[in-house]
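Trainee: I have a structure open and would like to learn how to read it. Could you walk me through a ligand site and then a single residue?

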Amino acid sequence: MSLQPAPTPGNTNWFVHDRFGLFIHWGLYALPARHEWVKTNERMSNEQYEKYFKHFDPDLYNPEEWAKAAAGAGMKYFVVTTKHHEGFCLWDSDLTDYKSTNTPYGKDLLQPMVSAFRHQNMKVGFYHSLLDWHHPDYTLDIHHPMRDDAAYAAEDANRKLEAYTEYLHGQSRELMTRFGKVDILWYDFSIQANSRFAGKGKDAWQSERLIDLVRTHQPHIILNDRLEIEQDIKTPEQFQPRSWVHVDGKPVVWEACQTFSGSWGYHRDEESWKSVDVLINMLIDSVSKGGNLLLNVGPTGRGEFDYRALQSLKGIGEWMKRHSRSIYGCTQAPAEFVAPPDCRFTYNPEKKRLYLHILSWPFRHIHLENMVGRVEYAQLLNDASEVKMVTSIPEESYGAGQEQRAKSLLTLDLPVKKPNVTVPVVELFLK
Ligand code: GLC
């Protein structure tokens with residue numbers, strides 16, 4: 001039996017099947033192009049940051065192209081920043097002037113994006129920042145750009161965080177009622193206190209009330225955990241968990257969120273781009289532990305995906321074209337199947353197929369424990385070429401006699417030459 005998380009309020013059935021999504025971080029920070037936290041990293045005031053609002057004009061924006069690139073990579077859903085910490089809104093909100101329609105670009109960015117991704121049969125997700133570094137009633141905290149400004153701090157007692165919270169709820173209502181079915185809502189994030197500032201968590205956001213509001217309009221929606229109330233998914237960020245993520249000792253639905261390079265927003269001078277090889281390994285690794293991968297792109301201020309992101313999406317797509325069977329509908333293999341060195345298993349419980357991902361190509365043989373007599377057929381997934389199987393006795397048991405039969409290994413006879421794919425996969429049809 002493979003592990004099964006307990007049901008949650010939202011519908012995660014499609015999510016644990018689809019496994020692979022695109023994260024999009026897009027906002028004014030694409031213009032400074034040096035991290036989406038630039039406003040606070042450089043302690044900019046609203047006035048100083050205003051130049052990005054005044055010059056925001058993504059004239060090459062074509063969401064159909066974005067959606068095609070994502071679908072071509074095998075992604076099945078997307079999650080876009082409707083508003084990031086800077087406070088700028090991608091849709092035509094009634095509750096603020098700080099939105100794309102008031103920039104030189106002059107149009108709503110979200111509506112056409114949602115249509116374009118739906119057109120590619122992808123599910124729709126919104127990331128929405130709980131932080132807001134532009135709203136006048138949003139009080140200081142350890143991350144706020146004005147935290148070291150004495151004059152600004154002196155006014156903090158006059159700021160009404162409840163007014164901001166109402167704004168947060170009102171905008172959430174807009175997002176839940178104006179864009180048709182929304183499949184995921186990804187709030188970010190709750191803030192720690194320190195000796196100078198209070199934190200902000202479920203009381204500040206009025207999380208219970210907010211969750212009610214969201215579920216009233218979109219009962220099936222998948223909510224993440226960052227409102228400080230556990231909901232449908234856990235979202236480990238910028239690392240791969242060691243094993244299936246557990247909460248209170250129980251396995252939960254989880255999704256690793258990762259970047260192509262170090263930054264979430266477009267970062268011109270950043271060089272830490274991951275190779276296609278590493279990205280595919282991250283996807284395999286997530287599914288082998290029962291999780292999803294949400295991979296992020298930060299489009300430029302002209303409205304395009306960076307060429308390196310496009311190249312990576314293409315490379316992933318090449319692999320997914322032949323190997324998506326080892327990803328979609330798959331999960332962690334039952335505990336009795338232990339992956340041999342340099343390999344990861346995924347498992348499709350419905351089809352009873354085990355997928356052996358070979359991360360480092362060996363010389364001719366891979367030996368599998370606990371599998372003698374259990375595999376009906378084996379083939380390489382990229383070209384459906386048969387992989388011959390033999391039963392072998394482990395070297396350490398030579399001469400040990402008949403009783404060693406139980407310990408015999410199922411040995412896969414592989415070609416000496418690695419197949420011409422990033423990560424070769426052997427498909428094992430279980431009896
Ligand atoms: C963080 C950061 C952020 C990014 C997010 C993605 O919490 O604040 O910039 O949007 O993680 O998970």
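Trainee: Which residues around the ligand come nearest?

Mentor: Start with the neighbours, and keep in mind that this is a predicted model. There are 14 residues around the ligand, and those that come nearest are His-25, Glu-36, His-84, His-85 and Glu-237.

Trainee: How do the residues of that shell divide into nonpolar, polar and charged?

Mentor: Seven are nonpolar, three are polar and four are charged.

Trainee: Which side chains have an N or O atom at a short list of distances I can check, say 2.6 Å, 2.9 Å and 2.7 Å from an oxygen atom of the ligand?

Mentor: For polar contacts, look at pairs of N or O atoms within 3.5 Å. In the side chain of Glu-36, such an atom is 2.6 Å from a ligand oxygen. For the side chain of His-85 the distance is 2.7 Å, and for that of Trp-37 it is 2.9 Å. As for cover, the ligand taken alone exposes 310 Å², and the protein buries 94% of that.

Trainee: Now a single residue: is Leu-293 buried or exposed?

Mentor: Compare its relative accessibility with the cut-off: buried means under 20%. Leu-293 counts as buried because its relative accessibility is 1%. You will find Leu-293 in strand β10, which spans residues 292–297.

Trainee: What is Leu-293 in contact with, leaving aside neighbours within four places in sequence?

Mentor: Its contacts include Arg-19, Phe-20, Tyr-77, Ala-256, Leu-279 and Met-282. Take Met-282: eleven residues separate it from Leu-293 in sequence, and their C-alpha atoms are 7.6 Å apart in space.

Key
Residues numbered from 1 in each chain as written. Predicted model: local features only at pLDDT ≥ 70, side-chain atom pairs only at ≥ 80, totals over all residues. Heavy atoms only, no water. Near = heavy atom within 4 Å. Polar contact = N/O pair within 3.5 Å; in protein donor to acceptor, adjacent residues only side chain to side chain. Areas by Shrake-Rupley, 256 points an atom, 1.4 Å probe, with all protein chains shown as cover. Nonpolar A, V, L, I, M, F, W, Y, C, P; charged D, E, K, R; others polar. Helix = DSSP H or I, 4+ residues; strand = E, 2+ residues; numbered from the N terminus. Buried < 20%, exposed > 50% of the residue type's maximum accessible area, 1.4 Å probe, protein only. Contact = heavy atoms within 4.5 Å.
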